[in-house]
Amino acid sequence: MSVVDVLVVGAGPAGLAAGIEVAKRGGRVCVVDRNLEPGGQLVKQIHKFFGSREHHAGVRGVDIAAQLLEEARALGVTLRLGWEVFAIRPGHAVDIVQAVADDATGGAGDAPTERFDARSVVLAAGAEENALQFEGWTLAGVMGAGAAQTLINVWRVRPGKRVLMVGAGNVGLIVTYQLLQAGVTVAAIIEAAPRIGGYGVHAAKIRRAGVPILTSHTILRAEGVECVEGAVVAQVDGTWCPIEGTERRFDVDVICVAVGLHPNTRLASLAGCRLVFSPALGGWVPLHNAFLETTVPGIYVAGDAAGIEEASTALEEGRLAGIAAYERLRDVDAEGHAEIAAIQRRLDDLRGGPFCGGIRAAKSALQTTGETPCPAT
Amino acid sequence: MRIERHPILGQLAEAREITLRVDGRVVKAREGEPIAAALAAAGIRVHRYTAKRSEARGILCAIGQCTDCAMIVNGMANVRTCITPVADGMVVETQRGVGRRSEM
């Protein structure tokens, strides 16, 4: 059994930032991630980030990941890659299992396990892509938009020849553009809502490239025996019901689903953290206070696992959670308090933009009252 | 299906070429890439068939979360091919159901 001050789950922006802050303060910290390559979903973000310079504006996600990793390694953060957490027991005993064996055949059978005795835990396991159920939704070739992004930008492999993108939020728009950059044809983007959810600047690039964006359209079915061979879409009315006679077929071999993300709450749930439902934050989310501590003392959340936002907020939350998770063990000094307050201020700024919707309100309600406001409909 | 040239990422880096045997067929792979990447590059899209209805499944999440891409690798079932790297001479088989006990 290994003893650490803080065990961090997930080596994305939140997890690496948490690890860095603990190590900076002299704490023993281990970051566990099932992927052999650290960086989380930053590694597939090949576009430049928006925002302020303080938050890496103009820098590509994959480069931010490299910077974080370099800093983490220089500070002596231990990374356990190819391993995943499968149990968090009372008193923060954390069990991990090897997900990718050293001889590259693993994940099954008698995979080795190890136990950590952690004084606190930061859950930074990110998000999962939402699924969309329609006829043929399990055919090979129906995949998350994030999956397609991994294929083209990390693996450098095309998922197919022609794609239908379902969802015109920022993920749907950005992945469409990146598919075009990768030499894949995108037949159309469909969006059930009457308007495009993502930024106008992204939508304009897509339209200039000649890809139609069909709002008020839904997918009726994917065609094919084992693999996708086509998709049928239809226009929807004001009550989201398909309008008869508006069906259109697209000859595609891939259907990408970009209908949002939800926080990965599996370990939080397993550890007994109380979850609350917050539509603005993407669904069920572990209840947490302004220091990102959940209802189980010593277990913290950060990043998308604490509510769906951006990589920049994940980074700041990771820093905060790292400091809070480590400093709870000792008296927080004035400097620590000042640092936490500065991060909270930056998070507030990040959430103050015109496109942040109800996130600031939802976070603040969650953190002060433990209740989430109902969205205005 | 490989993306040799990319406007942002540039030319595909050199990598040692290795070979896998997938359901008896020889498939070329780039050292270091996940098994699922080599299969996708070779146009292989079905990874497994479900236990109850024998429905085909392929890549869904590509980051080790969902297990839809699980296959039998070197005799071991339920290996997530999207996070497991290739190795020269690796034997990969389409998985039917949840795998036999001898494969676990």
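The following paragraphs describe the fold of chain A, a sheet in chain B, and the contact between the two chains, as they appear in a predicted model.

The secondary structure of chain A consists of 9 helices and 19 strands. Along its principal axes, the C-alpha trace of this chain spans about 65 × 50 × 35 Å. A compact globule of 377 residues would be expected to have a radius of gyration near 21 Å, and the value computed for chain A, 21 Å, agrees with that expectation. Of the 377 residues in chain A, 51% are buried. When the contacts of chain A with a separation of 6 or more are considered, 63% of them are made by residues that lie 24 or more positions apart.

Helix α1 of chain A covers residues 13-24, and its 12 residues reach 16 Å from the first C-alpha to the last, which is close to the 16 Å expected at 1.5 Å a residue. This helix is mostly covered, since 11 of its 12 residues are buried; among them are Pro13(A), Leu16(A), Ile20(A), Glu21(A) and Val22(A). The elements that cover the buried residues of α1(A) include the strands β1 (2-9), β2 (29-33) and β6 (113-123) of chain A, together with the helices α2 (61-74) and α7 (311-327) of chain A. After α1(A) comes Gly26(A), which has a positive phi, near 85°.

The strands that help to cover this helix are also paired with one another. Strand β1(A) pairs with β6(A) in the parallel sense over 7 bridges, and within this pairing Val3(A) has Asp117(A) of β6(A) as its bridge partner. Strand β1(A) likewise pairs in the parallel sense with β2(A), here over 4 bridges, and the bridge partner of Val6(A) in β2(A) is Val29(A). In general, the strands of a sheet pair through backbone hydrogen bonds, and they may do so in either a parallel or an antiparallel arrangement.

An antiparallel arrangement is found elsewhere in chain A, where strand β12 (residues 217-223) and strand β13 (residues 230-235) pair over 6 bridges. These two strands, β12(A) and β13(A), form a hairpin with 6 residues between them, and Gly224(A), which lies in the turn, has a positive phi of about 140°. Within the hairpin, Ala222(A) has Ala231(A) of β13(A) as its bridge partner. Strand β13(A) is further joined by 3 bridges to strand β14 (residues 248-250) of chain A, and this pair also runs antiparallel. In that second pairing, Ala231(A) stands opposite Phe250(A) of β14(A), and Ala231(A) therefore has a partner in each of two strands, given its bridge to Ala222(A).

A loop residue of chain A, Ala305(A), offers an example of burial outside the helices and strands, as it is placed between β19 (299-301) and α7 of chain A. Ala305(A) counts as buried because 32 other C-beta atoms lie within 10 Å, whereas the threshold for a buried residue is 20 or more. Leaving aside residues up to four places away in sequence, Ala305(A) touches Leu123(A), Ala124(A), Ala125(A) and Gly126(A), as well as Pro263(A), Asn264(A) and Thr265(A). By contrast, Glu223(A) is 82 residues from Ala305(A) in sequence and 34 Å from it in space, C-alpha to C-alpha.

In chain B, 5 strands form an open sheet of mixed pairing, in the order β2-β1-β7-β5-β6. The edge strands of this sheet are β2 (25-30) and β6 of chain B, each of which pairs on one side only. Neighbouring strands of the sheet are turned by 40° against each other on average, with direction ignored. At one edge, strand β5 (residues 70-73) of chain B pairs with β6(B) in the antiparallel sense over 3 bridges, and Met71(B) has Val79(B) of β6(B) as its bridge partner.

The contact between the chains takes 34 residues from chain A and 38 residues from chain B. On the side of chain B that touches chain A, the elements that give two or more residues are α1 (35-41), β4 (56-57) and β6 (76-80) of chain B. Of these, β6(B) provides the largest share, with 5 residues. Divided by class, this side of chain B contains 25 nonpolar, 7 polar and 6 charged residues. The edge strand β6(B) is thus an element that belongs both to the sheet of chain B and to the contact with chain A.

Notes
Residues numbered from 1 in each chain as written. Chains lettered and ligands numbered in written order. Predicted model: local features only at pLDDT ≥ 70, side-chain atom pairs only at ≥ 80, totals over all residues. Contact = placed C-beta atoms within 7 Å. Nonpolar A, V, L, I, M, F, W, Y, C, P; charged D, E, K, R; others polar. Axes fitted to C-alpha atoms, helices over the stretch in contact; angles between N-to-C directions. Rg over C-alpha atoms; globule rule 2.2 N^0.38 Å. Expected span 1.5 Å × (residues − 1).
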